[in-house]
Amino acid sequence: MSAWVRSAAWSTGLAAMLAVVVVVSAAIGPVRIPPAEVVKAVLNALVVPVGIETGSPSAGSLSVSGVSLAYRSPFAFPVEGVHQQIVVGVRLPRILLAALVGFALAAAGTVMQGFFRNPMADPSIIGVSSGAAVGAVAFIVFPVALSTTVAFPLVGAVDVGLSYGAGVSLFAFVGALIAAFGVYAIATQHGRTPVATLLLAGVAVQTFLGAVISYLQLQAGESLRRIVAWLMGHLSGASWSEVAVTAAVVPPLFILLLVYTRDLNVMLLGEEEAQGLGIEVERTKRILLGASALITAAGVAFAGVIGFVGLIVPHMLRLVVGPDHRVLLPTAALAGSSFLVAADTVARSGTAELPVGIVTAAVGAPFFIYLLMSREVHEL
Amino acid sequence: MSSDPSSDTSDTDPLIEVRDLSVSFETGPVVSGVDFDVERGSLVGLVGPNGAGKTTVIRAIKGTITPDSGEIRLDGDDAADLSAREVSRRVASVPQATELAFDFRVRHVVEMGRTPHLGRFDGHGPDDERAVREAMDATGVTRFADRSITAVSGGERQRVLLARALAQETPALLLDEPTESLDVNHAVRTGKLIREIADGGRAALAAIHDLDLAARYCDEVVVLAKGGVHAAGPPAEVLTADAVGSAFDAEAFVGRNPATGSPAITAFDALARDDPSDPSEPPVTVPSDDGDTTDEPSVTDRDARRVHVVGTGRTAARIAARLVAAGHELSAGVVPAGDVLAGVVADAGGRVVTAPPFESVVPSTREAAGDLAGEADVTIVVDRDDGSEGTESGRTGSGGAGNKGPDPNEGVIASAERVVHVGADASERQLLDAVRTDGSYGPEPSVDERIE
């Protein structure tokens, strides 16, 4: 059976599992909603574009400069209005953000473990998480002007100011990319980036940024609590706009990574071998690193540093589906989604909400230890 | 197979051309001025001491290291202008050792050899399946194709990597120690397989540390030593005692493998180049190379002598080989025709006086041998393994040429300037010292020494 067929079969199964986890998660909360009701509410919220209108926007259309995209809702199941609002307005954005972040972190973790041929590699290994943390913490401690009006020609004055949450996310995203690029630049000499140097540069930069974070925490004063919450990872207060931004960034990068899975397989033989088999090694490394850094940055920008998803989910799936990245990458990403949605459901369903990072570590580590003890893992 | 138009070059260019290649690492130059071709249908062996740059040259051809200067041409095109993919359709390589941490199945590793011929999302077509199957059959990998690569032995892994390179179906093949961790059976099978691949019109370049194997299978041998090409050409011409000795800083005897007829190289520790004029030096083996590689003593500097050997059988042959390796010029006789001693001395280019076995030695033969002994600085008389002397008369097959009459070699020994009797258990050091004891070339009064 071809690897892609196997990949599609596994992915279909895991996507179905993710759908179930999402529905169950949306049913759980202070207000219990029957799963059937959840499904109906979600279907009611679906819209399909039906055509393009010009002229004044009517109800049920999205309008940009007088051209409207008409859409309609194909389903109209009878759902209690409060339930519809809770599922679609409150729970679903948070669940979908969890799914996207889990997807991104597990995908990046899979690629990093293969890239570094190292079982301890995870998405933060090239400094992405530390960089994001520095950016976010810096913004929390020294929030810059939150509202700026810029005059654009044609459009006129537009408020490009950041909401507080968007500011944290933007700074986290930019911090992540700067850190990743710094690590890459440190490790690159004469156009070559040895993986071992990259790994060590990542460790060094993470240590340095850790010091910066500690110093900022000392200076934080009253915002320390927010810093701690961000550093532990959180999905509370997720909005549809955050979901939309993440959904716009993560899937294209995932597809780019998927395109390079065969190269990643060959790179496991060693870089010289990969080159001998026709892979442009340095270019492939740059693409894999860049896409992984971006997808991780997109994940941590809104959710903070959520550990363990990118480390253990790829391991678990490797035990199940084997090391072929054509199968491993999509399955690990989907499993990461399910894992983080489930973990976040646990995090928010207690009496006091926990940071989801605590749950992923507390649930993930024992399960990982169980896997290690029940199956002898000699190799990756 | 690929239909890449850029690979449709003329069939006359050598598949691999190395032109004036120089490579250096941060620690200094590794090789410089390396120049050789690998033609279609030929198997070229790259031999040389450890650290001579065999792997470096192979890596430069693969394109994994950038040379300081010089050019690599693959099938007529400068490799520097080719993409990794184009190179990978012309040259496949079998690495010396590889890290395979993830537990892919053996079959999957071989299938990766098809990567240069596949688009990103292509599945394996019938051509790919055939190439993989043939490669696994040829290397004997099929039997364990479904095992994990991490669960096979080192030798099996090496064959898997060879299968992967074969599945690549390139016109040229680079092999870095392809037989290193193989058992004798698979080493020979691999040698034969590579030979067949070359005979089929492809080209192969193999770094080989086993000189005998190189001599047996290669059309040409390139000896890398001391930062460049030390010698190059057909094995019989290149793998001489002199070339091997100076390339490897060893003393070598090049004979002929009785089973295969190809040159067989035996290397000895370089005792002969210890300074013999310093008697205070303890008679232990010390490395002669004190980092002074530019000023290698040539054979004549090594205090070479004309040595005549009298004896028969394996012990005499072994002693003769050791003396040849030390740089001495040998002659032998009278030796029964077909004796191993005659073969060794003849292989070394020495004169041998033989006589048909089991017949009386005619006086002219005895005189010829006596003349050789007379010319020699020293005549070595090799005792038989049982302790008796090879010159004892009346023994079947002993010293002389038969069991009839007095031993003809008594006369030969009588004409010698200086005679040293050597027992079967004399050490190399004792042997070499005895030959050089007087430290001069002039005729000496006949002495009769005996070393055991």
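**Stop 1: where the two chains meet.** Select the residues of chain A and chain B that touch each other: you should pick up 29 residues from chain A and 33 residues from chain B. Keep in mind that you're looking at a predicted model. The area buried between chain A and chain B is about 2,800 Å², and carbon and sulfur atoms give 54% of that. Now highlight Arg262(A), Leu269(A) and Leu277(A). Together these supply 24% of the area that chain A buries against chain B, more than any other three residues.

**Stop 2: charges and polar pairs across the interface.** Side chains of opposite charge can pair when their charged atoms come close. How many salt bridges cross the interface of chain A and chain B? The rule finds four. To see one of them, show the side chains of Arg164(B) and Glu273(A): their closest N and O atoms are 2.6 Å apart. Between the two chains there are also nine residue pairs in polar contact.

Which parts of chain A should you colour here? Try helix H3 (81–116), helix H8 (240–259), helix H9 (261–267) and helix H10 (271–276), since each of these supplies at least two residues of the side of chain A that touches chain B. If you colour that side by class, you'll get 11 nonpolar, seven polar and 11 charged residues.

**Stop 3: two helices crossing in chain A.** Next, hide chain B and select helix H2 (residues 35–45) of chain A along with H3(A). Their axes lie 9 Å apart and the helices pack at an angle of about 75°, which means H2(A) is roughly perpendicular to H3(A).

Zoom in on the spot where they meet. On the H2(A) side, pick Glu37(A), Val38(A), Ala41(A), Val42(A), Asn44(A) and Ala45(A). On the H3(A) side, pick His83(A), Gln84(A), Val87(A), Val88(A) and Leu92(A). The residues of this contact divide into seven nonpolar, three polar and one charged.

**Stop 4: a link between distant parts of chain A.** Stay on H3(A) and show Arg94(A), then add Glu353(A). What joins their side chains? A salt bridge does, at 2.5 Å from N to O. Arg94(A) sits in helix H3, whereas Glu353(A) is in the loop between helix H13 (325–349) and helix H14 (356–374) of chain A, so to speak a partner from 259 residues away.

Want to keep hunting? Over all chains, the count comes to 27 salt bridges.

How values were computed. Residues numbered from 1 in each chain as written. Chains lettered and ligands numbered in written order. Predicted model: local features only at pLDDT ≥ 70, side-chain atom pairs only at ≥ 80, totals over all residues. Heavy atoms only, no water. Contact = heavy atoms within 4.5 Å. Buried area = accessible area lost by both parts, 1.4 Å probe. Polar contact = N/O pair within 3.5 Å; in protein donor to acceptor, adjacent residues only side chain to side chain. Helix = DSSP H or I, 4+ residues; strand = E, 2+ residues; numbered from the N terminus. Nonpolar A, V, L, I, M, F, W, Y, C, P; charged D, E, K, R; others polar. Axes fitted to C-alpha atoms, helices over the stretch in contact; angles between N-to-C directions. Parallel < 35°, antiparallel > 145°, perpendicular 65-115°, else oblique.
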